Amino acid sequence: MARITHWHPEDPHFWEKEGRKHARRNLWISVPSLMLAFIVWQIWSVVAVRLNDIGFQFTSEELFTLAAIPGLVGATLRFVYTFGVGKFGGRNWTVFATGILALPAMGIGIAVQNPDTPYSVMLLLAALCGLGGGNFCSSSANISFFFPKKEKGTGLGINGGLGNMGVSVVQFVTPLIITTSTFAFMGGSGQVLPDGSQIWLQNAAFIWVIPILIMTVIAYFGMDNLPNNKQSVSEQFVIVKRKHTWIMTWLYVATFGSFIGYSAAFPLLLKTLFPQYVPLAFLGAFLAAAARPVGGWISDKFGGERITAYVFVVMGLGAISVIYFTLQQNFAGFLTSFLILFIAAGIGSGSTFQMIPFIFPAKEAAPVLGFTAAFAAYGSFLIPKLLGWAAENTGSPINALYVFIAFYVISFILNWYYYQSKKAEVTKFKSNKKAA
């Protein structure tokens with residue numbers, strides 16, 4: 001494949017003649033690579049649910065911690081991954097970031113076969129799954145360079161939304177794949193459940209090894225390092241001095257942080273509150289991921305700041321409804337309210353990301369996308385931990401939602417003050433609407 005020597009997506013002639021086809025090719029390789037990253041990142045959200053059933057003896061708080069640790073490590077690694085594309089190139093970094101995911105996948109497949117595996121080893125493997133969490137920042141930064149400003153919301157929404165779909169994929173596929181001996185040839189027999197049936201929990205990890213290797217090869221031969229987008233870490237790090245970097249980080253924590261945090265905790269939350277409905281855990285992450293491209297697309301049409309405002313209203317009301325229906329022990333109301341919360345978080349993830357290219361110049365927008373995503377990923381750690389703490393200390397994990405409601409109220413105010421009101425500091429949104 002010929003190397004791309006110049007890149008000017010804002011030039012309409014270049015974009016139609018040459019740019020669009022390269023952007024789409026890189027996007028459609030980036031999507032499955034990112035999906036695998038999310039699968040590995042969130043694999044503990046479903047593996048932790050079954051550990052005690054096969055002979056492990058972990059407490060409820062320890063299980064919530066196993067589901068949360070990948071979020072903590074992944075969020076921290078995102079600060080490194082944010083600057084990876086600018087330093088090493090989009091294709092090069094994608095190849096590395098995808099290939100290394102095979103390590104935790106193999107490790108988990110081996111460890112879960114022995115109930116005597118120390119908790120410290122499980123924590124280490126959970127931490128290694130954080131490697132998958134870092135990918136989102138580099139992937140988003142890379143794809144942002146490929147699209148013109150008018151299509152960034154859609155491009156980033158597709159990449160992020162379909163990539164985020166990995167969370168629901170792992171939560172849907174795992175209960176199915178662990179019931180067969182498909183990967184017995186790799187070593188390990190099944191585990192016997194209390195009811196006498198058998199599962200192969202190692203399959204939850206082993207199944208992803210071959211797809212990871214395949215996508216690593218495809219990324220190497222099919223993706224591009226764009227010219228003129230390399231920057232030193234110091235050049236990119238100027239974004240931390242920008243006030244709006246921190247405001248957008250707060251808003252993205254409220255949206256994507258909620259999505260990934262609820263996704264990590266939802267299977268355990270269901271097992272705690274409505275154990276007979278655990279198989280439905282994948283629905284939340286699926287709907288949120290599916291909603292993200294929609295959030296990017298409608299934000300391109302109507303303005304990200306406007307869509308984000310609606311999102312925070314719906315998220316606040318959704319959280320209140322979850323609390324109400326949990327107290328009523330009404331599962332239908334609980335599930336419906338939580339799914340609305342998931343969908344709003346997904347749309348908001350797309351709308352907030354769409355806002356960033358209109359606030360910052362192109363060279364700064366890419367690292368800002370990664371920087372905000374890095375902080376937001378801590379939601380994958382903090383939300384499960386806060387829910388676990390609430391379960392242990394208040395009698396119900398749902399009591400943690402009062403904290404989240406307050407967070408959404410503050411987020412709505414920040415979005416309105418800085419980006420939506422008539423006296424908003426950022427006027428680029430208004431000029432964009434007139435151009436549209």
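**Cavity, cysteines and core**

Modeller: A search of the whole structure, which is a predicted model, turns up one cavity of 30 Å³ or more.

Biologist: How much space lies in the largest cavity?

Modeller: About 100 Å³.

Biologist: Which residues are closest to its centre?

Modeller: S33, T94, N135, S138 and S139. They belong to a lining of 14 residues.

Biologist: Which helices supply at least two residues of that lining?

Modeller: α1 (12-41), α5 (90-99) and α8 (130-146) each do. The most comes from α5, with five residues.

Biologist: How does the lining divide into nonpolar, polar and charged?

Modeller: Five residues are nonpolar and nine are polar. No charged residue is in the lining.

Biologist: Switching to cysteines. How many disulfides does a search of the whole structure find?

Modeller: Zero.

Biologist: Why no bond for C129?

Modeller: Its closest cysteine sulfur is in C137, and the two sulfurs are 17 Å apart, so they are too far for a bond. A disulfide here needs the sulfur atoms within 2.5 Å.

Biologist: And what is the closest cysteine sulfur to that of C137?

Modeller: The one in C129, at 17 Å. That is again too far for a bond.

Biologist: Are C129 and C137 buried or exposed?

Modeller: C129 is buried, with a relative accessible area of 0%. C137 also counts as buried, at 0% relative accessibility.

Biologist: What does V40 contact, leaving aside neighbours within four places in sequence?

Modeller: L101, P104, C129 and I212. So C129 comes up again, as one of the contacts of V40.

Biologist: Where is V40 found? Buried or exposed?

Modeller: V40 sits in helix α1. It is buried, with a relative accessible area of 3%.

Biologist: How far is the C-alpha atom of V40 from that of V167?

Modeller: 8.7 Å separates them. Along the chain, V40 and V167 are 127 residues apart.

Biologist: Now the core. How many residues has the largest nonpolar core?

Modeller: It has 142 residues. W44, L51 and F334 have the most contacts inside it.

Biologist: Which helix gives the most to this core?

Modeller: Helix α13, residues 243-273, with 15 residues.

Biologist: Back to L51. What does L51 touch, not counting residues up to four places away in sequence?

Modeller: W44, F56, F58, L63, L66, V112, M122 and L201. One of these, W44, is also among the residues with the most contacts inside the core.

Definitions and conventions:
Residues are numbered from 1 along each chain as its sequence is written. This is a predicted model: local features need pLDDT of at least 70, side-chain atom pairs count only at pLDDT 80 or more; totals for chains, interfaces and linings use all residues. Side-chain values use heavy atoms; hydrogens and water are left out. Buried means under 20% relative accessible area, exposed over 50%, partly exposed in between (1.4 Å probe, protein chains only). On a 1 Å grid over the protein atoms alone, a cavity is a set of points where a 1.4 Å probe fits but cannot get out, and a pocket is an open set with protein on both sides within 12 Å along at least five of seven lines; lining residues have an atom within 4 Å of a point. Grid points are joined across faces, edges and corners, and a volume is the space filled by probe spheres set on the points. Helices (H or I, at least four residues) and strands (E, at least two) are DSSP runs, numbered from the N terminus. Ala, Val, Leu, Ile, Met, Phe, Trp, Tyr, Cys and Pro count as nonpolar, Asp, Glu, Lys and Arg as charged, and the others, Gly among them, as polar. Contact means heavy atoms within 4.5 Å. A nonpolar core is a set of buried Ala, Val, Leu, Ile, Met, Phe, Trp, Tyr and Cys residues joined through side-chain atoms within 4.5 Å.
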